[in-house]
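Visitor: Hi, I've just pulled this one up and would like a quick tour. Could we begin with whatever term you need for the core?

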Amino acid sequence: MKHSMTPKQFFQTVLFGEIWEAMKVTWRHMFHKPMTFQYPREKRIIPDAHRGALCLLRYEDGKERCVGCDLCEAACPSRCIKVISEEDKSLPLERYASEFYIDITKCVFCGYCVEACPVNALAMTKMYEFSTHDKRTLLFDKKRLYDVGERHLSDAKKYLYAHNLEKEGDESRAYRYHFPESIKTVQSSTE
Ligand code: SF4
Ligand code: SF4
């Protein structure tokens, strides 16, 4: 069967057309701003709502915010939080978390525990550099969680603001969960 080349096919073959076509992509990218970061020398700007390592927070006077209520433990879908609470002997009826553990190897960084906390004792930070050869060091205890909170306090506060958890007044109340009106009516009629 006779096969003849069109002039276009002839020039494509003689001038290696496919190679020049492919080189166009290379040249186009030579004039683009690089997309890669030279980590760890260069670091990305992390948004305030980023879900990084968890931490525990204190009030301005240094008092621990956590009241050991266990709501974060109940909300955690990975079952990686363990809270042991005790009564504060100096303040009857007040409780605190005597022990607090988060197994970061199981954490999926969903942020449910932060949402569940009624006193904003938990927050997430922009800290993501905690890789290790020994995964036992990724069982964060209470001391380590407070340490992370102290070192990343401003990012933790920004996280709470970004997720509408640490706002004052009406703005905060509008975000928080409210029981439906029918339940409120039943409660007030039984009081
Ligand atoms: S971020 Fe999610 S998975 Fe991690 S401890 Fe909190 S609730 Fe559990
Ligand atoms: S961190 Fe918050 S939700 Fe968890 S035990 Fe403490 S007060 Fe309760």
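Guide: Happy to! A nonpolar core here means a set of buried Ala, Val, Leu, Ile, Met, Phe, Trp, Tyr and Cys residues joined through C-beta atoms within 7 Å. Keep in mind that this is a predicted model.

Visitor: Okay, how many residues does the largest nonpolar core have?

Guide: The largest nonpolar core has 26 residues. Those with the most contacts inside it are Leu54, Cys55, Leu56, Cys113, Leu122, Ala123 and Leu145.

Visitor: And which elements give two or more residues to this core?

Guide: Four strands do: β1, β2 (81-87), β3 (95-103) and β4. The helices α4 (112-116), α5 and α6 do as well.

Visitor: Pick one core residue for me. What is Ala123 in contact with, leaving aside its neighbours within four places in sequence?

Guide: Ala123 is in contact with Cys55, Leu57, Val114, Ala156, Tyr159 and Leu160. Of these partners, Ala156, Tyr159 and Leu160 are buried residues of helix α6.

Visitor: Nice, tell me about α6 then. Which of its residues are buried?

Guide: Helix α6 covers residues 153-162, and its buried residues are Asp155, Ala156, Lys158, Tyr159 and Leu160. Their cover includes β1 (54-56), β4 (122-124) and α5 (142-151). Just after α6, Asn164 takes a positive phi of about 60°.

Visitor: Switching topic: the ligands. Which residues come nearest to ligand 1?

Guide: There are 14 residues around ligand 1, and Cys76, Cys107, Cys110, Tyr112 and Cys113 come nearest. Cys113 also belongs to the core residues with the most contacts. The shell around ligand 1 has twelve nonpolar residues, two polar and no charged.

Visitor: And what about ligand 2, which residues come nearest there?

Guide: Around ligand 2 there are 14 residues, and Cys66, Cys69, Leu71, Cys72 and Cys117 come nearest. Its shell has twelve nonpolar residues, one polar and one charged.

Visitor: Zooming out, how many helices and strands does the protein have?

Guide: Eight helices and five strands. From the N terminus on, they run α-α-β-α-β-β-α-β-β-α-α-α-α. Buried residues make up 18% of the 191 residues. Among contacts with a separation of 6 or more, 69% join residues 24 or more positions apart.

Visitor: Last one: which element has the lowest mean pLDDT, and which the highest?

Guide: Helix α8 (residues 181-190) has the lowest, at 53, and β1 the highest, at 98. Overall, the protein averages a pLDDT of 86, and 86% of the residues score at least 70.

Methods
Residues are numbered from 1 along each chain as its sequence is written. Chains are lettered from A and ligands numbered from 1 in the order in which they are written. This is a predicted model: local features need pLDDT of at least 70, side-chain atom pairs count only at pLDDT 80 or more; totals for chains, interfaces and linings use all residues. A residue is near a molecule or strand if its C-beta atom, placed from the backbone, lies within 6 Å of it. Ala, Val, Leu, Ile, Met, Phe, Trp, Tyr, Cys and Pro count as nonpolar, Asp, Glu, Lys and Arg as charged, and the others, Gly among them, as polar. A residue is buried if 20 or more other C-beta atoms lie within 10 Å of its own, exposed if 12 or fewer, and partly exposed in between; C-beta atoms are placed from the backbone. Two residues are in contact if their C-beta atoms, placed from the backbone, lie within 7 Å. pLDDT is the predictor's confidence in each residue, from 0 to 100.
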